Amino acid sequence: MFEERTYKRCYCVGPVYHRRGPKKGQPMLNDDGSQKIASLNSACPKLEQRGHGVWYYWLLLSVPGAAKPIRFHRGGFRTQAKAAEECKKTWEQHNAGLDVTTKETVAEWLQRWIDNKKDVAPTTIEKYAEHIRLHIVPFIGHIDRKDLRKHHLEEMFKGINDRNITAQIHREYVTLLAADCEEKRRRWRDGAKADRAVLRSSWYEARELLASEKKKLRRVTDVQTQYKVRATLSSALQDAFEAEEVTKNWAQLIKISKRQVKPLLWTAARVARWRETGEIPGKVMVWTPELTGQFLDKHSADELYDLWHFLAFRGPRRGEACALPWTEVDFEAMTVNISRQVITVANELVGAEPKAGSERVLDLDSEGVQNFTGRRTRQLAHRLKAGAAWVDTGLVWTQENGEGYHPDFLTRRFKRLVELADLPPITLHGLRHGAACIAHRSGAKPKAVQEQLGHASYQITMDTYTSIFREEQRELAEAALNVVPRAGRPATIPAPVPAPAPAEAPEVRSPGGGRLTALRRARQRKAGNPEATA
């Protein structure tokens, strides 16, 4: 049964006396017989004065493993009412199963949680650790874990937003310094010979200041990252709640602005604006099918053309493509099984299972099959040339010695190829977004796009690509309007695309010796085509 127990004490120093036993009231003596001087604690005669000393509470708590209840006390409260309130709260937490005796901070608890978290991928663990180190610990790492409440998390996100404002102001300052540095460099270059020494010194000073301030640049923590930080904290709190270490998952009660970064399509108007001003309208940009076609045409002779083609049309993640082995390519069925991926953990490549729900089978088109066949042929030639130096990784896309490609290399190479093609910029992951755009334009339903991309849920696909699909529909609607002639506006009818002449598909043998033409004929016979019997 709960019983409130509070007392008052201070840290005054003075002569102390025995408080119980036969010597009660007599002075305590040191070994040399002198009066003992020590902290008076609750024996200080000034405690009756208002405002002198602080309040404490104590409880007897039953702790697992202890032979008898332990005496638990906490203090430092300015009023007796506050001490009584904390006493009751501690009793309630103890009865709820929480370990109220721990002094573990949020930083220590989260580190323990990370060290014991084994049910997620290594990349997820790395992201958790990054969120904890950069965003959580700097704001609430010092708080006692059992004292963590919703208002602490609200203050944390407020602090993150305040930090964003400071970072943005500093970025604008660096931009001004860069402009000033360039102006002083121009003056030095164009100045009179007699003034060049002074102008050069001024330019050097501006350059040193710019370099110094650039080192202080900090990233702005956008809304997407804040969502992920909250998800990290929610995962940790949920595990702690299930282990009866906290009373509630406070992160689930935190609201964050729903502004999300949506992919934007490089429409004709946006491309024209970009060519005129260099302005990129969004953080995540996606090519239209026409722009994707221009890229592939421009780099059809590139060594990795078959990889760009596969990424553009089927949309695997770069790590999934880097980890694709030949054993998962079925030439007979014209399919690729995505069952592995390469991830980067602490700058080291690690093989891992795909993301949740990402294991899938991708159908190949006829060009895709030819690309894979050509890749196999070139790889065999590289293997013969390398001889004993060949590294047998069993991967589809390999370097000339058989080693696989690092995903970051593909990202850098793709960026350079985009620049050489003089196309509006996108990231390598933008090809994956473009694959969704191509699938939608070809008539695929959003559910089919979800399965193709390996999204864990249909909602992820719709949240990500709804805006792109709508932009495509608007462009098609505008094209349809131009087909109908009106007064003062002739019809703009696109040239008809000639139907391809019927021709037998090229015979391509799989590594196992099967014929793809036989498979196609079987499909045509099943569809009721009598000419497929030949």
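**Exercise 1.** In which loop does methionine 334 lie, between which two strands? Work with the predicted model, and then decide whether methionine 334 is buried or exposed.

*Solution.* As a starting step, place the residue along the chain: methionine 334 lies in the loop that joins strand S8 (329-330) and strand S9 (335-338). Next, look at the backbone, where phi of methionine 334 is near 60°, which is a positive value in a residue other than glycine. Finally, take the relative accessibility of methionine 334, which is 5%; because buried means under 20% relative accessible area, methionine 334 counts as buried.

**Exercise 2.** Find the loop that holds aspartate 422, and describe its phi and its accessibility.

*Solution.* Aspartate 422 is found in the loop between helix H12 (407-420) and H13. Its phi is near 55°, again a positive value in a residue that is not glycine. With a relative accessible area of 46%, aspartate 422 is partly exposed, since that class lies between the 20% and 50% limits.

**Exercise 3.** Describe how helix H9 and helix H13 pack, and say which residues meet.

*Solution.* Two packed helices are described by the angle between their axes and by the distance between those axes. For H9 (residues 305-314) and H13 (residues 428-441), the angle is about 50° and the axes are 6 Å apart, and the two helices are therefore oblique to each other. On the H9 side, Trp308, Leu311, Ala312, Phe313 and Arg314 take part, and they meet Leu428, Leu431, Arg432, Gly434, Ala435 and Ile438 in H13. Sorted by character, the residues of this contact divide into eight nonpolar, one polar and two charged.

Conventions
Residues numbered from 1 in each chain as written. Predicted model: local features only at pLDDT ≥ 70, side-chain atom pairs only at ≥ 80, totals over all residues. Heavy atoms only, no water. Axes fitted to C-alpha atoms, helices over the stretch in contact; angles between N-to-C directions. Helix = DSSP H or I, 4+ residues; strand = E, 2+ residues; numbered from the N terminus. Parallel < 35°, antiparallel > 145°, perpendicular 65-115°, else oblique. Contact = heavy atoms within 4.5 Å. Nonpolar A, V, L, I, M, F, W, Y, C, P; charged D, E, K, R; others polar. Buried < 20%, exposed > 50% of the residue type's maximum accessible area, 1.4 Å probe, protein only.
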